[in-house]
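Q: Please take a close look at a single part of this model, one residue and its surroundings. Please then set that part against other places in the chain where the backbone or the burial deserves attention.

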Amino acid sequence: MKKLIKLAMPMTAAVAIAACSPAETEAADTAAADTVEMPAEDAMAVDGEAADATAAGNIVAVAQGNENFSTLVSAVTAADLGETLSGTGPFTVFAPTNDAFAKVDKATLDGLMKPESKKDLAGLLTYHVVSGKLMAADVAKAIKDGSGTATLKTVQGQELKAMMEGDKVVLTDANGGKSTITMTDVPASNGVIHAIDTVIMPKM
């Protein structure tokens, strides 16, 4: 049975996913961490820029502090989601880099950034957000528990599928499009950010 990560998750995502005792959770997380054999230089860098492991700001502040997320920050501002993503959370954000947004047809992206498209843009962005704090080990464990596939319920309401391809986690969106997580566990005061290399699209 594929694992469904609910929208209304407890603060500790590993407990929500595993539903087991603290001792079992710790053991499972250790096993999950071993599953993801991601070199530190791959896990903590985007376009050659290292992630700040000591970041203490909220998700929006952390994104604003990384030039690789400047397009995402502009989109969050255009969609009026800054206050939401600066809230208590916690949230897990699969954040497209500037290069990911560059893959989107320019006319489509420009259209989404217009005031009249605010609702559609907000839907696109919240499709990249899961309620609860899911570290890389939590995602890996959910994939393992789901016999190779984890189903993530997004804040937007639709689902994402997460699977391992080699030592990378790959997300599959509602249209069958795929995106690879290129940076994991970037800390924020109200959750965590994982960078992805392609914008994922919900069914419109």
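Ser147 and its setting

A: Ser147 is exposed, with a relative accessible area of 69%; buried means under 20% relative accessible area, exposed over 50%, and partly exposed in between, with a 1.4 Å probe and protein chains only. The model is predicted, with pLDDT of at least 70 required for local features and 80 or more for side-chain atom pairs, while totals for chains, interfaces and linings use all residues. Numbering starts from 1 along each chain as its sequence is written, and side-chain values rest on heavy atoms, without hydrogens or water.

The backbone at Ser147 is notable: phi is near 55°, a positive value in a residue other than glycine. Its location is the loop that leads from helix H10 (136–145) to strand S6. Helices (DSSP runs of H or I, at least four residues) and strands (E, at least two) are numbered from the N terminus.

Beyond this loop, strand S6 (residues 150–153) runs antiparallel to strand S7 (residues 159–165). Four bridges join the two strands, where a pair requires at least two bridges found by DSSP. One of the S6 residues, Ala150, has Ala162 in S7 as its bridge partner. Five residues lie between the strands of this hairpin, and there Gly157 adopts a positive phi near 115°.

A second residue invites comparison with Ser147. Asp185 also is not a glycine, and its phi is positive, about 55°. The settings of the two can be read side by side: Ser147 sits in a loop, whereas Asp185 belongs to strand S9 (residues 178–188). Ser147 is exposed at 69%, while Asp185, at 25% relative accessibility, counts as partly exposed.

Elsewhere the backbone shows another feature, in a peptide bond. The bond from Gly89 to Pro90 is cis, with omega near 0°. Pro90 is located in the loop between H6 and S4.

Loop position does not settle burial in this chain: Asn68 occupies the loop between H4 and H5, yet Asn68 is buried, with a relative accessible area of 8%, in contrast to the exposed Ser147. The C-alpha atom of Asn68 is separated by 9.5 Å from that of Ala195, although the two residues stand 127 apart along the chain.

Burial can also be followed through a helix. In H9, the buried residues are Leu121, Ala122, Gly123, Leu124, Leu125 and Thr126. These buried residues pack against two further elements given here as helices, H7 (98–102) and H8 (106–112), as well as against H5 and strand S5 (129–131).

The whole chain supplies the background for these local details. It contains ten helices and ten strands, and buried residues make up 46% of its 204 residues. Among contacts (heavy atoms within 4.5 Å) between residues at least 6 apart in sequence, 69% join residues at least 24 apart.

Returning to the part requested, Ser147 combines a positive phi near 55° with an exposed position in the loop between H10 and S6.
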